[in-house]
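Good morning, and thank you for joining this group meeting. Please look at the sequence and the model as they appear, and keep them in view while I speak.

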Amino acid sequence: MPDIPAAPRDPAGQSVWSRIRELAAQFGQVQRNARLYLIANTLQSFTAGVIAVLYTLFLNGLGYGTVFIGATLFVGTAGGALGILPASALIRRLGWRAMLLWSYLVGGVAIFLQLIAPTPVVTLVTTLGVGASVAIILVLNAPFLAAHSDPERRNAIFGLNNALGFLAGVTGTLAGGFLPPLIADGFAARWPWLDALRPLLLADPQARVYQLAMLVSGLVAIPSIIPIYLMREDDTALPDALARGVASGEWVGLSERLAAWRRLAAEVARGAIGRITLSQALVGLGAGFFFPYLNIYFVTRLGASTAFYGALSAAVTASLALISLASAPLANRFGQARVIVAGQAASLPFLAAMGAVPVLGAVAVFYVVRSTLMNVGAAPLQALLMNSVPAERRVLASNTYNVAWQGLWAVGAALGGGLIAVGGYGAPFYVAAALYSSSVLLFAWWFLPRRGGRPEAEAVGQGADPAANG
């Protein structure tokens with residue numbers, strides 16, 4: 001009789017199933033608004049998983065090359081960066097709840113328009129709306145969770161948010177992989193209600209399959225409006241002083257506003273916000289070179305089916321969900337900075353190998369291992385950023401980080417599309433590995449404790465600027 005395998009255990013020695021039960025119990029203990037946000041975010045993550053698998057394949061099926069796809073991604077992410085800039089003032093004026101509602105509505109309408117009329121002009125214009133919608137969520141996510149959690153539970157709630165998002169993403173990426181072949185095999189014909197969509201569908205058979213799969217997945221995201229609507233508005237907004245003045249109608253002159261921004265910029269550059277932002281912006285630039293084109297690489301270059309790529313993406317997402325459960329105890333035991341540096345550094349050889357060994361099975365394994373190692377520090381990084389600044393600077397920190405990351409990701413996506421067109425699919429992986437290496441070195445120099453200094457976790461836990469540790 002075969003041995004019964006023991007329950008998997010995270011590196012801190014605690015059963016993963018125990019961690020899941022613990023996090024489920026914590027879900028019931030977090031504040032009401034945080035619970036509703038986690039539910040909405042989970043529903044959105046499912047649809048996002050489907051779109052992540054199919055979107056660039058959809059554009060590719062329409063005959064758009066990697067240069068146009070890169071331009072589209074640049075426009076969307078640049079629109080997101082522009083949307084981030086006024087986020088602090090809008091949060092103060094409208095509140096968390098209204099901003100989330102508007103974000104979901106604008107993003108949903110923009111994606112729908114893009115799917116039913118994907119001309120070049122419509123694609124570029126609606127991508128701006130999608131980017132702005134995603135930008136609001138990026139800005140709100142970390143400050144909202146920090147504002148609605150106790151400091152001692154902050155690592156746990158960030159881990160829970162990531163885990164739920166990843167688990168929803170597993171089902172989303174699986175659906176994104178398996179829906180197209182099911183639809184192509186006549187699945188749609190067995191669902192009479194889909195006839196109502198026929199006037200909206202494209203003529204090209206392959207693009208139509210991707211289009212219909214994404215439209216169907218959007219039905220899951222629609223109910224995410226309900227938990228946001230049920231939120232209770234509160235006064236837990238964390239704007240910086242400038243945003244507070246703008247929101248209250250205290251419109252100052254141009255010179256005064258520029259001076260205020262200069263003071264904020266100097267404060268950001270000297271402290272933890274600037275250092276975290278700069279190091280991770282290099283990651284954003286590197287990710288833009290290869291990540292948007294992974295599905296095209298697998299399907300058109302390596303010969304994978306969409307079902308294979310969807311299953312592979314689901315495996316990656318599942319591994320990220322499991323590693324997010326382990327990230328909080330790892331960060332508590334070894335320190336946030338050590339976990340971030342170790343995971344990112346260990347992922348680098350696998351990233352380079354994805355371009356160097358263009359064999360489907362090998363690249364699939366490299367992809368899973370690289371993604372898992374790279375993201376072991378995702379939740380600790382969010383917590384580190386929030387713990388490194390006072391409460392009134394959290395929205396500023398989130399704004400700064402996301403503007404830089406998304407802006408450089410957009411630049412990388414545009415450059416990556418052109419690089420693929422000229423040099424093939426291998427080159428972007430090497431460029432990304434070089435940029436990631438620079439990020440790891442900078443982050444380690446600034447945040448790992450020096451000999452004789454205080455432990456990083458102790459300093460951050462006391463609210464100190466971790467950059468002060470050298």
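Let me begin with a definition: a residue counts as buried when its relative accessible area is under 20%. Val339 has a relative accessible area of 8%, and Val339 is therefore buried. Please note that we are looking at a predicted model.

I turn now to the chain as a whole. The chain contains 19 helices and 0 strands. It has 470 residues, of which 54% count as buried. Among the contacts in the chain with a separation of 6 or more, 83% are between residues 24 or more positions apart.

Let us return to Val339. Which helix holds Val339? Val339 lies in helix α14. Leaving out residues up to four places away in sequence, Val339 touches Leu330, Ala331, Phe334, Val376, Gly377 and Pro380. Between Val339 and Ser327 there are 7.9 Å in space, taken from C-alpha to C-alpha, and the two are 12 residues apart in sequence.

One of the residues that Val339 touches, Pro380, leads us to helix α16. This helix covers residues 378-387, and 7 of its 10 residues are buried, so α16 is largely enclosed by the rest of the structure. The buried residues are Ala379, Pro380, Leu381, Ala383, Leu384, Leu385 and Met386.

Next, consider how α14 packs. Helix α14, residues 336-356, packs with helix α18, residues 427-447, at an angle of about 165°, and their axes are 9 Å apart. Why are the two helices described as roughly antiparallel? Angles over 145 degrees count as roughly antiparallel, and α14 and α18 are therefore given that description. Their crossing is left-handed. On the α14 side, the residues in this contact include Ile340, Val341, Leu348 and Leu351, and on the α18 side they include Phe429, Tyr436, Val440 and Phe443. Sorted by type, the residues of this contact comprise 18 nonpolar, 4 polar and no charged.

A second helix pair may be set beside this one. Helix α2, residues 32-61, and helix α12, residues 294-301, pack at an angle of about 65°, with 8 Å between their axes. The crossing of α2 past α12 is right-handed. From α2, the residues Ala52, Val53, Leu54, Thr56, Leu57 and Asn60 meet Asn295, Ile296, Val299 and Thr300 of α12. Here the division is 6 nonpolar, 4 polar and no charged.

Staying with α2, we find Ser45 in this helix. Is Ser45 buried or exposed? Its relative accessible area is 16%, so Ser45 is buried. Apart from neighbours within four places in sequence, Ser45 is in contact with Gly165, Ala168 and Gly169.

Finally, I come to the nonpolar cores. How many residues does the largest nonpolar core have? It has 105 residues, and those with the most contacts inside it are Leu294, Phe298 and Phe443. The helix that gives the most to this core is α2, with 14 residues. Phe298 touches Gly303, Ala304, Tyr309, Leu312, Leu360, Val363, Ala364 and Tyr367, again not counting residues up to four places away in sequence. A second core, separate from the largest, has 5 residues, including Ala326, Leu330, Val339 and Val376. With that, we are back at Val339, the buried residue with which I began.

Note on methods:
Residues are numbered from 1 along each chain as its sequence is written. This is a predicted model: local features need pLDDT of at least 70, side-chain atom pairs count only at pLDDT 80 or more; totals for chains, interfaces and linings use all residues. Side-chain values use heavy atoms; hydrogens and water are left out. Axes are lines fitted to C-alpha atoms, for helices over the stretch in contact, and angles run from 0 to 180 degrees between N-to-C directions. Helices (H or I, at least four residues) and strands (E, at least two) are DSSP runs, numbered from the N terminus. A crossing is left-handed if the near helix is turned anticlockwise from the far one by less than a right angle, and right-handed if clockwise. Contact means heavy atoms within 4.5 Å. Ala, Val, Leu, Ile, Met, Phe, Trp, Tyr, Cys and Pro count as nonpolar, Asp, Glu, Lys and Arg as charged, and the others, Gly among them, as polar. A nonpolar core is a set of buried Ala, Val, Leu, Ile, Met, Phe, Trp, Tyr and Cys residues joined through side-chain atoms within 4.5 Å. Buried means under 20% relative accessible area, exposed over 50%, partly exposed in between (1.4 Å probe, protein chains only). Angles under 35 degrees count as roughly parallel, over 145 as roughly antiparallel, 65 to 115 as roughly perpendicular and the rest as oblique.
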